[in-house]
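Open your viewer and get the selection tool ready. We will go from stop to stop, with a note on what to look for at each one.

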Amino acid sequence: MSSDTGPSRRVVLLGALGLATATTGVGGCSATDGPTLSDGVLSDRFGVEAPRWRMAVPRAGRSRGLVVALHGFGGGADDAFNLGFGDAVEPSRMALVSVDGGNSYWHPRRDGSDTGAMVRDELVPMALEAAGLPAASPVVLLGWSMGGFGALLIASELGRSRVSGVVAASAALWRKGSETPARAYDGRADFDRHSIFNRLDRLRGIPVRLDCGVSDPFIAANRVLAQRLPGTEAHFTTGGHDDGFWSGNVSAEMTWAAARS
């Protein structure tokens, strides 16, 4: 219901944050009955030039929580919406935010960039405020491929008090540094510092959902993680390492995220 008495609290909040609110449907979301869409650019202080973010917030009522979506190698902020996560915002009542993270595997790199810190220290606080959620609210970290690894990694750094759940789809995991492509890590020491298998103690107590296709090249490492991390909810089903598998799990993953928020 419209009103000409002045801007709503939400409009004022978005304006204060420098957010551009969409007035037309974007990425499959309806402009009239879908979520409220916005986008913008973060600072470059984490070594990423003009990292664009996108956000979808339930149109009516308060969000149950926030899902932070991390893309795979070669992707960007649009990918979560292209896969259909934006369409799941209204049914799940979960706010959604995504960001351009480059190809640095969501951790500090030799070139000085640190997309993991960008997510932790700038994206999450901004998105919680924009969603009308308390600053201390725990979030759900979600990602696929490189982003699945990133979701697990950032969760291990934020800890149980700030993470209500992790959804890692087709997570790009390697058990040994010798198995990894050069682009993923800056040498053996970097791998050892950031390998998920060396951070299991930090993840214990955080609800984790693993989705992976049985034809995915990362299925073996994902099976090992499920075995070694108690309480993991694993869904290893027909599929490969592709958009078809990831989009096919959107509804189930967002429902899972809402149940833990």
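In which strand does Arg 54 lie? Select strand E3, residues 52-57, and you will find Arg 54 there; strands (E, at least two residues) and helices (H or I, at least four) are DSSP runs numbered from the N terminus. Before going further, note that this is a predicted model, in which local features need pLDDT of at least 70, side-chain atom pairs count only at pLDDT 80 or more, and totals for chains, interfaces and linings use all residues. Residues are numbered from 1 along each chain as its sequence is written, and side-chain values use heavy atoms, leaving out hydrogens and water.

**Stop 1: around Arg 54**

Show the side chain of Arg 54, which is buried at 6% relative accessible area (buried means under 20%, exposed over 50%, partly exposed in between, with a 1.4 Å probe and protein chains only). Now add Asp 78: the two side chains make a polar contact at 3.0 Å (a pair of N or O atoms within 3.5 Å, where one must be able to donate a hydrogen and the other to accept it; residues adjacent in sequence count only if both atoms are side-chain atoms). Add Phe 81 too, and you will see the charged end of Arg 54 over its ring, 4.0 Å from the centre (NZ of Lys or CZ of Arg within 6 Å of the ring centre and within 35 degrees of the ring normal).

**Stop 2: the aromatic cluster**

Next, select Phe 73, Tyr 105, Phe 149, Trp 174, Tyr 185, Phe 191 and Phe 218, which ring pairs link into a cluster. Rings of Phe, Tyr and Trp (its six-membered ring) pair if their centres lie within 6.5 Å, with planes under 30 degrees apart counted as stacked, over 60 as edge-to-face and the rest as tilted. The count comes to eight aromatic pairs. Zoom in on Phe 149 and Tyr 185: their ring centres are 6.0 Å apart and their planes at 80°, so this pair is edge-to-face. It links distant parts of the chain, 36 residues apart, with Phe 149 in helix H5 (146-158) and Tyr 185 in the loop between strand E7 (163-169) and helix H6 (188-194). Phe 149 is buried at 0% relative accessibility, and Tyr 185 is buried at 6%. While here, look at Arg 183, which lies over the face of Phe 73, 4.4 Å from the ring centre.

**Stop 3: strand E5**

Finally, select Val 97 in strand E5 (residues 94-99). Val 97 is buried, at 0% relative accessible area. Draw a C-alpha to C-alpha distance to Ala 127: the two are 30 residues apart in sequence and 6.7 Å apart in space.
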